[in-house]
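Subject: Structure handover

Hi,

Here is the structure I promised to pass on. Have a look at it first, and then read on for what turned up.

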Amino acid sequence: MKPWAFALACLALCACADQQEQELKRAASWSATALAVARYWLQGDLPDTYAKHALEKASEELAKGPLPDASEPVNEMIEAIGKRDQLAMRRLIADLEKR
Amino acid sequence: MKKLLGITLGIVTSIGGFLDVGSIATSAQAGAAFGYSLLWAVLLGTICVIFLVEMSGRFSIVSGHTIVDAIRKRFGFAGFIVPFAATLLVNLLVLASELGGICVALQLLTGIRFQLWALPVGLAVWLLLWFATFDVVEDGTALLGLVTLCFLVAIFTLGAQPRELAAGFVPRLPSEEHAHYLFIAVSIIGATIAPYLFLFYSSGAIEDKWDKSFIAPNRFIATFGMSFGSIISMAVIVVAALALKPEGIRVEEYEQAALMLVPAFGRWGFYLFVASLAIACFGAALELSLASAYSVSQAFGWNWGENLKPRQAARFSMAYTLFIALAALIVLSGLNPMKLTLFSMAITAVILPLTALPFLVLMNDARYMREHVNSHFSNIVVLLIVLLSAILAVVAIPLEIIGSK
């Protein structure tokens, strides 16, 4: 095998090994996104339309990732925004932060 | 005095027009995932684009030709068709990404799905090109683009550490995610050295009737306009590193990127991000549509010019109409705008040698450039950066595809 082909194969192998780790990182990132959106919404820093849309996206991404249960509290956050229920949102944020 | 005003306007419009969907997406991803450590990629791309933009202006001033026109004449149709087709294809993908960027901005604002905005946005871009003059297209949108300076202001509000910033200019592989790091680096370089930029600039110099008295102002505009413009691109990296990375947010979609200005400006930060994305993409979509129509018209020897009425340059107008329609259809198909953008930018880096190398040959041809041929230094800098970017892109794209499956 030519050295450049060997180097490329090694890199490709590393990329595949990273795949599972990547999926976990992706899920963690969407959880963090949901948390940040919820917190900013509570502070009045985000409009309802965007906050709801961003949380729907986060829920969708989490549901198809390695930890699908993580989308449940995000769905509750979407409901809280729909009802403009700040108390419920505070509770959900606290729950999610504990995890 | 008039020339001084022209230079100032040129620099200001270069700053306002520097950011596009590629710079926003790649820089936001870079900052959120790797902190400041990809600042060097913007610097490398900027050095190359300063040389290329200066050369394209100088070429049009001295030879009276545009780049496309001259490549066709110098290399014949057979030598011209491959770079021409590759550039047009990439322009189409990038135009779709820009239209996608505007549609996503509208989705963030209204909650209405981005695909539904594809046709109205395409129509708005087309209407402006149909009715406006070159100056309105070039200066108007770029002046509005100054809203992107908010990223620079955000750095001071969030408080970046100068020593850490300086370290970002030294290329260094991270401890993990090498393939992704490499892919983002080539995407940043592709976003910074987009071929449409210097093709557009070269045609613009002819549209604006630049004569030899513009050789020095051209150098000034290219150097300062592009340098200051790239600072905004770097600012996006820094803001993403300060606002998103500590929260553990990686930018895979624009919904995540939209949060980056909120810590600095509160609710206004969200609106500033949406405005920056929409305006930057709108300006770039206009330039891309024109650059593509210029290329097609110059390749086939048609009448061209944004200052001409559509009936005076019917085939030129038809070319940008067709381009916008095709790009709008790509957005309408529902392709993920962020992924489309990142891959378009990486492919841009792959095809760079196809346009940059024939252009370098022209810049050294005394029949076109007379006493204004390129210096060895300019040749070496452009050659090295373009070839390095293309090689990195050829390695990084398959690895990114394997890693993301």
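A word on terms before the interface: two residues are in contact when they have heavy atoms within 4.5 Å of each other. Please also keep in mind that this is a predicted model.

**The interface between the chains**

With that meaning of contact, 28 residues of chain B touch 29 residues of chain A. Together the two chains bury about 2,600 Å², and 59% of that area is on carbon and sulfur atoms. On the chain B side, 20% of the area buried against chain A comes from B:E255, B:L259 and B:R267, more than from any other three residues.

As for polar pairings, the rule finds four salt bridges across the interface of chain B and chain A. It also picks out 11 residue pairs in polar contact there, both partners at pLDDT 80 or more. If you want to find your way around the chain B side, the elements that give two or more residues to it are α4 (67-110), α12 (254-257), α13 (262-265), α14 (267-300) and α18 (376-404). Sorted by class, that side has 12 nonpolar, seven polar and nine charged residues.

**B:E177 and its partner**

Which residue of chain A does the side chain of B:E177 meet in a salt bridge? The partner is A:K25, with 3.2 Å from N to O. B:E177 is found in the loop between α8 (162-167) and α9 (178-192) of chain B. B:E177 has a relative accessible area of 6%, so this residue counts as buried. The backbone at B:E177 is worth a look too: phi is near 55°, a positive value in a residue other than glycine.

Chain A has a case of its own. Phi of A:R84 is near 55°, again positive in a residue that is not glycine, and A:R84 lies in the loop between α3 (71-83) and α4 (86-98) of chain A.

**Two helix residues in chain B**

B:I279 is found in helix α14 of chain B. Is B:I279 buried or partly exposed? Its relative accessible area is 23%, so B:I279 is partly exposed. Leaving aside neighbours within four places in sequence, B:I279 is in contact with B:T141, B:L144, B:G145 and B:V147. Of these, B:G145 is 134 residues away from B:I279 in sequence, yet their C-alpha atoms are 5.9 Å apart in space.

B:S230 is found in helix α11 (residues 215-243) of chain B. At a relative accessible area of 3%, B:S230 is buried. The side chain of B:S230 reaches the backbone oxygen of B:S227 at 2.8 Å. Beyond the neighbours within four places in sequence, B:S230 is in contact with B:F18, B:V42 and B:T46.

**Cysteines**

How many disulfides does the structure hold over all chains? The count is zero. Take B:C281: the closest cysteine sulfur to its own is the one in B:C103, and at 9.4 Å that is too far for a bond, because a disulfide needs the two sulfur atoms within 2.5 Å. B:C281 is also buried, at 0% relative accessibility. B:C48 is another buried cysteine, with a relative accessible area of 0%.

Over to you!

Notes. Residues are numbered from 1 along each chain as its sequence is written. Chains are lettered from A and ligands numbered from 1 in the order in which they are written. This is a predicted model: local features need pLDDT of at least 70, side-chain atom pairs count only at pLDDT 80 or more; totals for chains, interfaces and linings use all residues. Side-chain values use heavy atoms; hydrogens and water are left out. Buried area is the accessible area (1.4 Å probe) that two parts lose on being put together, summed over both. A polar contact is a pair of N or O atoms within 3.5 Å; within protein, one must be able to donate a hydrogen and the other to accept it, and residues adjacent in sequence count only if both atoms are side-chain atoms. Helices (H or I, at least four residues) and strands (E, at least two) are DSSP runs, numbered from the N terminus. Ala, Val, Leu, Ile, Met, Phe, Trp, Tyr, Cys and Pro count as nonpolar, Asp, Glu, Lys and Arg as charged, and the others, Gly among them, as polar. Buried means under 20% relative accessible area, exposed over 50%, partly exposed in between (1.4 Å probe, protein chains only).
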